[in-house]
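Colleague: I should be grateful for a close look at the side-chain contacts, beginning with the aromatic rings and passing from there to the charged groups. Please set out the reasoning behind each description.

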Amino acid sequence: MGITPIMDWAREHYRKEYAPNTRETFRRQTMHQFVDAGIAVYNPDAPDRPVNSPKAVYQIEPATLELLRSFGTKTWHDKLTDYLSRRETLTAKYAKERQQSRIPVQIAKSKKITLSPGEHSELIRLIIEDFGPRFTPGSVLIYAGDTGDKWGYFDELLLADLGVNVYAHGKMPDVVLYYADRNWLVAGRGRYQSWTR
């Protein structure tokens, strides 16, 4: 289920009120940690669903559900011991599955990065791998945004060497390339296909 139904469930069963405008905080400060710990599974129905999709859902991890259902029974202690002995393995498994869904992007001959799954990241990959070599041959990637992490890739030192400083909370385009032949910074926003130089 999605964030809002989870919050509604907590309200109904635990009498815990969450304001509608706290959905993002709930996602970042609760569900994100549950996923990292292997307690919840993110988008089990579609692991390649974009991070910023409104259809994002969570599911309690099956072994965790089985453990919780044994609480208060004679088997609780043994099941808890078994569960904890396998916990790191399950967490690594889910992390690996999330990593496999990421989009690889070739940013130099021997250097790759990965971006969160989704159409927007595919577009960023095309900008870097196709647009850059075609229209700004030999350009160097300075920045590539990511829906899962604003600073997906950032060569802050190169940008500073070019006399540009960026504040951590400032807005960034989706891609910034440095085209040394013309001493241009080429910045683009993939979702609008508009480019500036």
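**Aromatic and charged side-chain contacts**

Modeller: In this predicted model, Tyr58 has a relative accessible area of 7% and is therefore buried. The structure contains seven aromatic pairs. In one of them, the ring centres of Tyr42 and Tyr58 are 5.1 Å apart and the planes stand at 50°, so this pair is tilted. Tyr42 belongs to strand β1 (residues 40-42) and Tyr58 to strand β2 (residues 58-60), so the contact ties together parts that are 16 residues apart in sequence. Phe71 and Trp76 form another pair: with centres 4.9 Å apart and planes at 85°, their rings count as edge-to-face, because an angle over 60 degrees falls in that class. Phe71 is exposed, its relative accessible area being 60%, whereas Trp76, at 22%, is partly exposed.

A charged group also meets an aromatic ring. Lys16 lies over the face of Tyr18, at 5.5 Å from the ring centre.

Turning to pairs of opposite charge, a search of the whole structure gives eight salt bridges. One of these joins the side chains of Arg27 and Glu24, with an N to O distance of 2.4 Å. Both residues lie in helix α2 (residues 23-36), where they are three residues apart, about one turn of the helix. Arg27 has 25% relative accessibility and counts as partly exposed; Glu24, with a relative accessible area of 38%, is likewise partly exposed.

A second example is the salt bridge between the side chains of Asp45 and Arg49, at 2.9 Å from N to O. Here the partners fall in separate classes of accessibility. Asp45 counts as exposed at 53% relative accessibility, while Arg49 has a relative accessible area of 14% and is buried, because that class covers values under 20%.

In helix α5 (residues 119-135), Arg125 and Glu122 are three residues apart, so about one helical turn separates them. These two residues form a salt bridge whose closest N and O atoms are 3.1 Å apart. Glu122 has 33% relative accessibility and so counts as partly exposed. Elsewhere, Asp8, Arg11 and Glu17 are joined into one network by salt bridges that share partners.

Notes
Residues numbered from 1 in each chain as written. Predicted model: local features only at pLDDT ≥ 70, side-chain atom pairs only at ≥ 80, totals over all residues. Heavy atoms only, no water. Phe/Tyr/Trp six-rings, centres within 6.5 Å; stacked < 30°, edge-to-face > 60°. Helix = DSSP H or I, 4+ residues; strand = E, 2+ residues; numbered from the N terminus. Buried < 20%, exposed > 50% of the residue type's maximum accessible area, 1.4 Å probe, protein only. Lys NZ or Arg CZ within 6 Å of the ring centre and 35° of its normal. Salt bridge = Lys/Arg side-chain N within 4 Å of Asp/Glu carboxyl O.
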